Amino acid sequence: MGMMAAVLDHPGDLYVLVKLKMAASRIERQIPAEPHWAFAYTMLQKVSRSFAIVIQQLGTELRNAVCIFYLVLRALDTVEDDTSIPSDIKVPILESFHRHIYDRDWHFSCGTKDYKVLMDKFHYVSTAFLELDKGYQEAIEEITKRMGAGMAKFICKEVETVDDYDEYCHYVAGLVGLGLSKLFHASGKEELPPDSLSNSMGLFLQKTNIIRDYLEDINEIPKSRMFWPREIWSKYANKLEDFKYEENSTNALHCLNDMVTNALMHAEDCLQYMSALKNLSIFRFCAIPQIMAIGTLALCYNNQELFRGVVKMRRGLVARVIDQTKTMSDTYGAFYEFSSLLKSKIDKKDPNATLTWERIEAIQKSCISSGLLNKRRCRMYESKPAYNSTMIMIVFLLMAMEC
């Protein structure tokens with residue numbers, strides 16, 4: 001019923017949802033026959049379906065490298081995420097993880113559901129890693145080593161200051177940006193960009209996830225996970241978990257908007273990074289997640305639902321981003337559109353309203369000054385549903401596809 005409900009609410013999404021469904025089906029049919037590669041691509045679909053679709057933009061050699069890079073870091077992150085693992089066991093694993101990727105027999109049981117399967121059968125990932133070209137291997141090993149060390153550092157250290165927040169996000173995501181840039185360069189398709197821009201690409205995505213996942217992290221069992229920096233949230237509450245309660249709604253929104261405003265500082269760097277990309281497949285691979293990030297921030301901003309449940313882009317909107325992101329002009333258009341949505345939600349009484357407005361203005365100025373900001377033919381969000389007999393028939397076909 002998921003896709004049917006989405007189409008009924010947003011009929012304009014019908015075409016792109018069908019295309020996305022067909023793309024997902026093609027991915028399943030194209031899974032390699034070799035057991036280790038079959039496991040890698042099947043697992044990629046399970047731990048991140050949207051990433052599995054986006055990665056298809058890349059050529060085979062680079063796609064394999066990025067797939068394994070993602071699974072290695074996903075496995076590393078699974079160790080860090082598992083709050084049931086004692087620190088004296090977790091820290092050495094994080095610090096030595098970069099060596100385990102060369103060991104076809106190594107595995108470590110932790111995590112839950114699909115993540116546990118990834119960890120239990122990690123030898124398949126190692127086997128695939130060892131088939132990559134040396135340049136890809138060296139880039140993946142280097143980033144895994146640096147990320148593991150950074151994660152270990154924060155196991156016994158809370159995110160107190162905004163500098164801590166930036167440092168943590170650098171270790172868990174900025175390094176991903178640096179690693180991807182190294183893989184793109186190793187493929188011979190791109191120049192190596194400044195580290196600061198690669199770092200911002202990761203921080204923009206990570207900060208968006210940290211903001212969106214407030215409730216999931218604060219309710220983590222057996223122990224809460226707290227990534228919002230105390231320097232920000234302590235201005236609005238005595239405890240980070242206080243924002244869950246309705247009586248703290250006003251301060252919760254003020255803190256949320258402060259966090260979103262902080263994340264927006266990376267948007268201009270992201271636009272600069274993407275504007276320098278030469279290869280179309282690499283460009284689309286990079287641009288789609290960044291547009292989804294600015295879209296998610298626009299939805300989260302000043303939204304009380306973030307403290308009550310899950311706030312995320314609807315499937316049809318994700319499908320539109322994937323389908324319509326083909327050029328830098330599309331990217332500027334999407335950033336301008338989503339930042340306009342966020343701007344429309346700014347409350348002048350919000351403590352950070354002026355700074356938020358300034359950062360949105362800076363983003364929009366970058367979009368306009370590029371000279372590529374064309375009037376968009378299709379907006380990312382539309383208003384009233386409209387139905388006809390053909391659409392109703394297709395909706396029922398979609399229901400059959402889901403069964």
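**Arg 308**

I started with Arg 308, which counts as partly exposed because its relative accessibility is 33%. For my own notes: buried means under 20% relative accessible area, exposed over 50%, and partly exposed in between, with a 1.4 Å probe and protein chains only. This is a predicted model, where local features need pLDDT of at least 70, side-chain atom pairs count only at pLDDT 80 or more, and totals for chains, interfaces and linings use all residues. Residues are numbered from 1 along each chain as its sequence is written, and side-chain values use heavy atoms, with hydrogens and water left out.

Arg 308 lies in the loop between α16 and α17 (315-324). Helices here are DSSP runs (H or I, at least four residues), as are strands (E, at least two), numbered from the N terminus. I then looked up what Arg 308 touches, with contact meaning heavy atoms within 4.5 Å. Leaving aside neighbours within four places in sequence, I found Leu 215, Phe 243, Lys 244, Tyr 245, Glu 246 and Ser 249. Lys 244 is 64 residues from Arg 308 in sequence, yet the two C-alpha atoms are 6.9 Å apart.

**Around the same loop**

Gln 304 is also in the loop between α16 and α17. I have Gln 304 down as buried, because its relative accessible area is 19%. Its contacts, not counting residues up to four places away in sequence, are Ser 249, Ala 252 and Leu 253. Just after α16, I noted that Asn 302 takes a positive phi of about 55 degrees.

I checked Phe 243 from its own side as well. Not counting residues up to four places away, Phe 243 touches Arg 308, Phe 307, Cys 255, Ala 252, Asn 251, Ala 237, Tyr 236, Trp 233 and Tyr 214.

**Helix α16 and the core**

How many residues of α16 are buried? I got 18 of the 21, so α16 is largely enclosed by the rest of the structure. I also checked its length: the 21 residues should span 30 Å at 1.5 Å a residue, and the end C-alpha atoms are 30 Å apart, which agrees. The expected span is 1.5 Å times one less than the number of residues.

Next came the largest nonpolar core, meaning a set of buried Ala, Val, Leu, Ile, Met, Phe, Trp, Tyr and Cys residues joined through side-chain atoms within 4.5 Å. It has 125 residues, and those touching the most other members are Phe 97, Trp 228, Phe 243, Met 274, Phe 285 and Phe 335. The largest share of this core, 13 residues, comes from α16.

**Rings**

I counted 19 aromatic pairs in the structure. Rings of Phe, Tyr and Trp (its six-membered ring) pair if their centres lie within 6.5 Å; planes under 30 degrees apart are stacked, over 60 edge-to-face, and the rest tilted. The Phe 39 and Tyr 124 rings have centres 5.1 Å apart and planes at 35 degrees, so I logged that pair as tilted. The pair links distant parts of the chain, 85 residues apart, with Phe 39 in α3 (residues 35-47) and Tyr 124 in α8 (residues 122-129). Phe 39 is buried at 11% relative accessibility, whereas Tyr 124 is partly exposed at 27%.

Phe 184 and Phe 285 pair edge-to-face, 6.1 Å centre to centre with 90 degrees between the planes. Phe 184 is in α10 (residues 162-186) and Phe 285 in α16 (residues 280-300), so this pair ties together parts 101 residues apart in sequence. Both are buried: Phe 184 has a relative accessible area of 1% and Phe 285 one of 3%. They form one aromatic cluster with Phe 51 and Tyr 70.

I also found the charged end of Lys 343 over the ring of Trp 357, 4.9 Å from its centre. The cut-offs for that are NZ of Lys or CZ of Arg within 6 Å of the ring centre and within 35 degrees of the ring normal.

**Thr 78 and α9**

Thr 78 lies in α5 (residues 60-81) and is buried at 3% relative accessible area. Outside its neighbours within four places, I list Cys 110, Gly 111, Tyr 115 and Met 119 as its contacts.

Which helices do the buried residues of α9 pack against? I found α5, α6 (87-100), α8 and α10. Those buried residues include Tyr 136, Ile 140, Met 147 and Phe 154.

**Whole chain**

I tallied 20 helices and zero strands. Of the 403 residues, 53% are buried.
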